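Work through these exercises with the model in view. Try each task before you read its solution.

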Amino acid sequence: MSVKLMKIPGPDHPISVEPSRSHVVVKIAGRTIADTKDALRLKEASYPAVFYIPRKDVDMSMLQRTDHETHCPYKGDASYYSIPAGGERSRNAVWTYETPHDAVSEIKDHLAFYPDRVDAIEEFPIA
């Protein structure tokens, strides 16, 4: 049994989660897989910001759960989905923290997409 580290975000590794001010649309293979005005924007340390999209705004029928898992000491255990319509490059293209650590509890019931494993993650201003 391996011990999983749990770390609290702080000045040396800041994490912020806030509502996105954008309409976010994710596309693959000519289809819209996600469309939301309720995305969260997670900014972690020096990494690029990531959109977390509510499950209710994702076409879950286009996703296939995989057995791939990863652990982030700041966010928790991530589960993954592939997008069969995207072919091999879309394997494990989507991740979710089903029981995130308290510091990022807002991302529960949200999904994130690797930009290089989908055709587009589009951002539009909300009018």
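The model is predicted.

**Exercise 1. Find which residue in β7 stands opposite Gln 64, and describe how the two strands are joined.**

Solution.
Step 1. Start at Gln 64. Its opposite in β7 is Ser 82.
Step 2. Look at the two strands. β6 covers residues 64–72 and β7 covers residues 76–82. They pair in the antiparallel sense, over six bridges.
Step 3. Look at the turn. Three residues lie between β6 and β7, and the two strands form a hairpin.

**Exercise 2. Give the strand order of the open sheet of seven strands, and name its edge strands.**

Solution.
Step 1. Trace the order: β1-β4-β5-β9-β8-β7-β6. The pairing is antiparallel.
Step 2. Find the edges. They are β1 (15–19) and β6, each of which pairs on one side only.
Step 3. Check the turn between strands. Ignoring direction, neighbouring strands of this sheet are turned by 30° against each other on average.
Step 4. Zoom in on one edge. β1 and β4 run antiparallel and are joined by five bridges. Within this pair, Val 17 has Leu 42 in β4 as its bridge partner.

**Exercise 3. Do the analysis again for the open sheet of three strands.**

Solution.
Step 1. The order is β3-β2-β10, with antiparallel pairing.
Step 2. β3 (31–36) and β10 (120–125) are the edge strands, and each pairs on one side only.
Step 3. From one strand to the next, the twist averages 20°.
Step 4. Take the pair β2 and β3. β2 spans residues 22–28 and pairs with β3 in the antiparallel sense over five bridges. Lys 27 has Thr 32 in β3 as its bridge partner.

**Exercise 4. Which residues of the largest nonpolar core touch the most other members, and which elements give two or more residues to this core?**

Solution.
Step 1. The core has 18 residues. Those that touch the most other members are Ile 33, Ile 53, Leu 63, Ile 83, Val 94 and Phe 113.
Step 2. Assign the elements. Two or more residues come from each of β2, β3, β5 (50–54) and β9 (110–113).
Step 3. Rank them. β2 gives the largest share, three residues.
Step 4. Inspect Val 94. Leaving out residues up to four places away in sequence, Val 94 touches Leu 63, Ser 79, Tyr 80, Tyr 81, Ile 83, Leu 111, Ala 112 and Phe 113.
Step 5. Look beyond this core. Another core of 14 residues lies apart from it, including Tyr 74, Tyr 80, Trp 95 and Val 104.

**Exercise 5. Locate the largest pocket and say which element gives the most to its lining.**

Solution.
Step 1. The volume of the largest pocket is about 470 Å³.
Step 2. Its lining has 24 residues. Closest to the centre are Pro 48, Ala 49, Val 50, Tyr 52 and Trp 95.
Step 3. List the elements that give two or more residues: β4 (40–44), β5, β6, β7 and β9.
Step 4. Pick out the main contributor. β5 gives the most to the lining, with four residues.

**Exercise 6. What sign does phi have in Ala 45 and in Asp 109, and where do these residues lie?**

Solution.
Step 1. Recall the background. Most residues other than glycine have a negative phi.
Step 2. Read the angles. Phi of Ala 45 is near 45°, a positive value. Asp 109 also has a positive phi, of about 65°. Ala 45 is not a glycine, and neither is Asp 109.
Step 3. Place them. Ala 45 sits in the loop between β4 and β5. Asp 109 sits in the loop between β8 (94–96) and β9.
Step 4. Classify exposure. Partly exposed runs between 20% and 50% relative accessible area. Ala 45 has 27% relative accessibility, so it counts as partly exposed. Asp 109 has 45%, so it also counts as partly exposed.

**Exercise 7. Where is Asp 38, and which residues does it touch?**

Solution.
Step 1. Asp 38 is in the loop between β3 and β4.
Step 2. Its relative accessibility is 44%, so Asp 38 counts as partly exposed.
Step 3. List its contacts, not counting residues up to four places away in sequence. Asp 38 touches Pro 54, Lys 56, Asp 57 and His 110.
Step 4. Add a distance. Asp 38 and Tyr 74 are 36 residues apart along the chain, and their C-alpha atoms are separated by 23 Å.

How values were computed:
Residues are numbered from 1 along each chain as its sequence is written. This is a predicted model: local features need pLDDT of at least 70, side-chain atom pairs count only at pLDDT 80 or more; totals for chains, interfaces and linings use all residues. Side-chain values use heavy atoms; hydrogens and water are left out. Two strands pair if DSSP finds at least two bridges between them. Axes are lines fitted to C-alpha atoms, for helices over the stretch in contact, and angles run from 0 to 180 degrees between N-to-C directions. A nonpolar core is a set of buried Ala, Val, Leu, Ile, Met, Phe, Trp, Tyr and Cys residues joined through side-chain atoms within 4.5 Å. Buried means under 20% relative accessible area, exposed over 50%, partly exposed in between (1.4 Å probe, protein chains only). Contact means heavy atoms within 4.5 Å. On a 1 Å grid over the protein atoms alone, a cavity is a set of points where a 1.4 Å probe fits but cannot get out, and a pocket is an open set with protein on both sides within 12 Å along at least five of seven lines; lining residues have an atom within 4 Å of a point. Grid points are joined across faces, edges and corners, and a volume is the space filled by probe spheres set on the points.
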